[in-house]
Amino acid sequence: MKRATQLALALSLSFGLSACSTVYYSGLEKIGIPKREVMVHRVEKARDTQEETKQQFKSALEQFTVLTNFKGGDLEATYNKLNGEYEASVKKAEEVNKRIADIEDVSNALFSEWETELGQYSNASLRRTSQQKLTATKAHYQQLLAAMRKAEAKIEPVLSVFRDQVLYLKHNLNAQAIAALKGQLDSVKSDVSALVVEMEKSINEADAFIKTMEKP
């Protein structure tokens, strides 16, 4: 089995783990997968999820735009499409939150282990070099985490607006309701644009972090 395939298969169970993380990481290390690789894999998954989330919110915005430009036809079908986009966006928001939590979980385990192992060195020079590497990795990680959390914080305001629109239309499915929502289009576009910008920054931070972690 190729290394990448083995890693993906072993880590496929990680999404949703919480209480038994220590046992899980120990089990992975017994088959040759250290916490460092787990961390890189989870950052990759979070990056990919953020890209998917970015595209999902852009799709939801497109559907909202279609709705506000409604000029006749099956209004209920158009509403159902918007509601579908909203529900898909909610799922992606939840996935982003879980992916970040998974990264935090393994990073805490990795850094704790690293700190403990610093005390096991007998060579002061090697210990100092490892400490410097740990400090630099922690700093880069905090930068990554801040970018991910900042992007995540942009999600709920957009979801809130979409939620209001879906609820309003659910009980007021008529041309007057469409007209009332049309005035919010520019604001929604601005919010989604801000979300996309932060998501792209976070994705770039993830790519940079992965490259750093993959260096020997």
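Leaving aside neighbours within four places in sequence, Leu 195 makes contact with Phe 57, Ala 151, Lys 154, Ile 155 and Val 158. The model in which these contacts appear is a predicted one, and its protein chain contains eight helices and zero strands. Of the 216 residues in the protein chain, 41% count as buried, and among contacts between residues at least 6 apart in sequence, 80% join residues at least 24 apart.

**Confidence of the prediction**

- The pLDDT of the protein chain averages 89, and 90% of the residues reach a score of at least 70.
- Confidence in the protein chain is highest in helix H5, residues 124-153, with a mean of 97, and lowest in helix H1, residues 3-11, where the mean is 55.
- Over residues 15-19 the pLDDT lies below 50, although in the model this stretch has nine contacts beyond near neighbours in sequence.

**Two buried residues of helix H8**

- Leu 195 has its place in helix H8, and with a relative accessible area of 1% this leucine is buried, because burial is assigned under 20%.
- The C-alpha atoms of Leu 195 and Lys 58 are separated by 9.6 Å, while the two residues stand 137 residues apart along the chain.
- Glu 198 also belongs to helix H8, which covers residues 185-214, and this glutamate is likewise buried, its relative accessible area being 10%.
- When residues up to four places away in sequence are not counted, Glu 198 touches Lys 150, Ala 151 and Lys 154; Ala 151 and Lys 154 are also among the residues in contact with Leu 195.

**Helix H3 and its surroundings**

- Helix H3, residues 35-68, packs against helix H7, residues 175-182, at an angle of about 125 degrees, and the two axes are 9 Å apart.
- That angle makes H3 oblique to H7, because it falls neither in the range of 65 to 115 degrees that counts as roughly perpendicular nor over 145 degrees, where helices count as roughly antiparallel.
- On the H3 side of this packing are Phe 64, Leu 67 and Thr 68, which meet Ile 178, Leu 181 and Lys 182 in H7.
- By residue class, the contact of H3 with H7 divides into four nonpolar residues, one polar residue and one charged residue.
- Gln 63 is another residue found in helix H3, and at 13% relative accessibility this glutamine counts as buried.
- Setting aside residues up to four places away in sequence, Gln 63 touches Thr 78, Lys 81, Leu 82 and Glu 85.

**Salt bridges**

- The structure holds 16 salt bridges, including a pair within helix H3, Lys 54 and Glu 51, whose closest N and O atoms are 3.3 Å apart.
- Lys 54 and Glu 51 are three residues apart in helix H3, so about one helical turn separates them; Lys 54 counts as buried at 8% relative accessibility, whereas Glu 51 counts as partly exposed at 29%.
- Lys 98 forms a salt bridge with Asp 102, and the closest N and O atoms of this pair are 2.4 Å apart.
- Lys 98 and Asp 102 are four residues apart in helix H4, residues 75-118, so they too are separated by about one helical turn; here Lys 98 is partly exposed at 23% relative accessibility, and Asp 102 is buried at 5%.
- Lys 138 forms a salt bridge with Glu 115, with the closest N and O atoms 2.9 Å apart, and this pair links distant parts of the chain, since Lys 138 lies in helix H5 and Glu 115 in helix H4, 23 residues apart.
- Both partners of that link count as partly exposed, Lys 138 at 30% relative accessibility and Glu 115 with a relative accessible area of 38%.
- Salt bridges that share partners also join Glu 52, Lys 92, Glu 95 and Arg 99 into one network.

Note on methods: Residues numbered from 1 in each chain as written. Predicted model: local features only at pLDDT ≥ 70, side-chain atom pairs only at ≥ 80, totals over all residues. Heavy atoms only, no water. Helix = DSSP H or I, 4+ residues; strand = E, 2+ residues; numbered from the N terminus. Buried < 20%, exposed > 50% of the residue type's maximum accessible area, 1.4 Å probe, protein only. Contact = heavy atoms within 4.5 Å. pLDDT = per-residue confidence, 0-100. Axes fitted to C-alpha atoms, helices over the stretch in contact; angles between N-to-C directions. Parallel < 35°, antiparallel > 145°, perpendicular 65-115°, else oblique. Nonpolar A, V, L, I, M, F, W, Y, C, P; charged D, E, K, R; others polar. Salt bridge = Lys/Arg side-chain N within 4 Å of Asp/Glu carboxyl O.
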